[in-house]
Amino acid sequence: MTDPRLADLLQSVPDLRLKTDAADLEHYGRDWTRRWTPAPLAIALPGTVAEVQAVVQWANRHGVAVVPSGGRTGLSGGAVAANGELVLSLERMNKVLDFDAVDRTLTVQAGIALEAVHNTAREHGLVYPVDFGARGSCSIGGNIATNAGGIRVIRYGNTREWIAGLTVVTGAGEVLELNRALVKNSSGYDFRQLMIGSEGTLGIVVEAILRLTDPPPPTNVMLLALPSFEVLMRVFAEFRGRLRLEAFEFFTDHALRHVLAHGAHKPLDQEYPYYVVTEFASDDEATEAAAMAAFEHCMEQGWVADGVISQSEAQAQQIWRLREGITEAVARYKPYKNDVSVRISAMPAFLAQAQALLGQAYPHFEVVWFGHIGDGNLHINVLKPDDTADAEFVAQCEQVTKLLAQALQAHGGSISAEHGIGLVKKPYLGSTRSDAEVALMRGVKRVFDPNGILNPGKLLDA
């Protein structure tokens, strides 16, 4: 607290909570990447929109960079503070502000956890359908900042589709109320959509109006064991053609072994190289018959070697744990992560090329694959051997990512499907966006954040 800038901050915002202890600086200064040493100036924990605005105005006066912070479950380095930035944590701003039964909207502060949103929507007989494994710790503000997707994009789309309005504090310190929950609003540029996925580089989301919907019909969950990588898209096409899919998730035997070692139950007697977890609407006997017909057809074709269908909610949760537990199970290996996407129609060709590329490039590293096949999103986790130094490991992985980025460019894909660009994928942005697009991004950044204080160095070079 000896820094005179912090003294001025507390004088400007008297009720602001400020942390400077070493343990707090380390805790709030990093995300799940664990690749940068946290070194923030301090941690600010505002409780109101006015306090957020006052902090941003202070930062502009003193030329202090600000890193917005939610649940810090990101995997791209977007919430890292390693260069004396002020971390602005929204964890105190975690309340439900309003429920509108007519509009079917829920107004929340940005620091609220996704799971709390799910629970509140359920209390009103509705659902907020965006979902992923980190639901208990990730925040709505962070979801919006990266346009997070998750396990049900195939049915409900990304976060973007469920944001009816936003309150944002721009980098210039202005408060904007965007769209105000209007269903139709053709009054010029939609800055709400511009803020979604901007990774905290244009403004800080402080409140959000979320759209809710009817609960899904009863569903069932099935685990499928596949004999080869090549049949994956055929199985997807067969199930999508017969059923209303809620999710279609893929993972490898390597992923399964780590999850089982982490405490999950072995689902099948034998081991297979590839697995699928699919959830589908199952509200009548005809749907259940269609599911069995799809399974039997895939068995007859040799595309599926074995499988199990859930007989209870508890068994459905056990099956889902096999997929959702992967990230936590491999975390101790400090995995190098690639989160990529292509059009679903381009998936077969890209999968074949990526598998060959990674098999050749990583002969000594264990590679754990999983992903949201139903929306073209693939997660590639390269596990660091214990005897390899962090810097050496990352350097080797980045050489391969350059080749992967070239493959994605050839297939019209993206180097970041849902994690954001942050620091990790910034060197490869050019494989996804043209020079003209990047130049326009820089121009937009200057308009909303003229002094460049918001999350500098993330997404774009400072």
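1. At 45% relative accessibility, R34 counts as partly exposed, a class that lies between buried (under 20% relative accessible area) and exposed (over 50%), with a 1.4 Å probe and protein chains only. The model is predicted: local features need pLDDT of at least 70, side-chain atom pairs count only at pLDDT 80 or more, and totals for chains, interfaces and linings use all residues. Residues are numbered from 1 along each chain as its sequence is written, and side-chain values use heavy atoms, with hydrogens and water left out.

2. The backbone at R34 deserves a check. R34 is not a glycine, yet its phi is positive, about 60 degrees. The residue sits in the loop that joins α2 (22–28) to β2 (42–45); helices (H or I, at least four residues) and strands (E, at least two) are DSSP runs, numbered from the N terminus.

3. E199 belongs on the list of backbone checks. Its phi is near 60 degrees, a positive value in a residue other than glycine. E199 is in a loop, the one between α7 (191–195) and β9. With a relative accessibility of 8%, E199 counts as buried, whereas R34 counts as partly exposed.

4. Helix α3 covers residues 49–62, 14 in number. From first C-alpha to last, α3 reaches 20 Å, close to the 20 Å expected at 1.5 Å a residue; the expected span is 1.5 Å times one less than the number of residues. After α3 comes G63, with a positive phi near 65 degrees.

5. What does the buried side of α3 consist of, and what does it pack against? The buried residues are V49, E51, V52, A54, V55, V56, W58, A59 and N60. They pack against one helix, α1 (4–12), and against the strands β3 (66–69), β4 (86–89), β7 (163–170), β8 (175–178) and β9 (203–211). Contact here means heavy atoms within 4.5 Å. E51 and N60 are among the residues of α3 that are buried, a point to keep in mind when side-chain states are assigned.

6. Helix α4 (residues 114–123) can be read in the same manner. Its buried residues are L114, V117, H118, T120 and A121. Their packing partners are the strands β5 (96–100) and β6 (105–109), the helix α5 (140–146), and β9. Strand β9 is thus named as a partner of the buried residues of α3 and of those of α4. G125 follows α4 and has a positive phi, near 75 degrees.

7. A search of the whole structure returns 18 salt bridges, each a side-chain nitrogen of Lys or Arg within 4 Å of a carboxyl oxygen of Asp or Glu. D8 and R61 form one of them, at 3.7 Å from N to O. This pair links distant parts of the chain, with D8 in helix α1 and R61 in helix α3, 53 residues apart. D8 is partly exposed, at 23% relative accessible area, and R61 is exposed, at 52%. Helix α1 is on the list of elements against which the buried residues of α3 pack, so the salt bridge and that packing concern one pair of helices.

8. Two further pairs can be listed by distance. R5 and D3 meet through their side chains in a salt bridge of 2.9 Å, N to O. R5 is partly exposed at 29%, and D3 counts as buried at 19% relative accessibility. In the other pair, the side chains of R30 and E26 are joined at 3.4 Å, N to O; E26, at 43% relative accessibility, counts as partly exposed.

9. Which residues are linked in a network of salt bridges? They are D131, R135 and E324.

10. F236 is the last residue for comment. It lies in helix α8 (residues 232–242) and is buried, at 1% relative accessibility. Leaving aside residues up to four places away in sequence, F236 touches I154, L245, F248, I344 and G374. The C-alpha atoms of F236 and I373 are 8.0 Å apart, while 137 residues separate the two along the chain.
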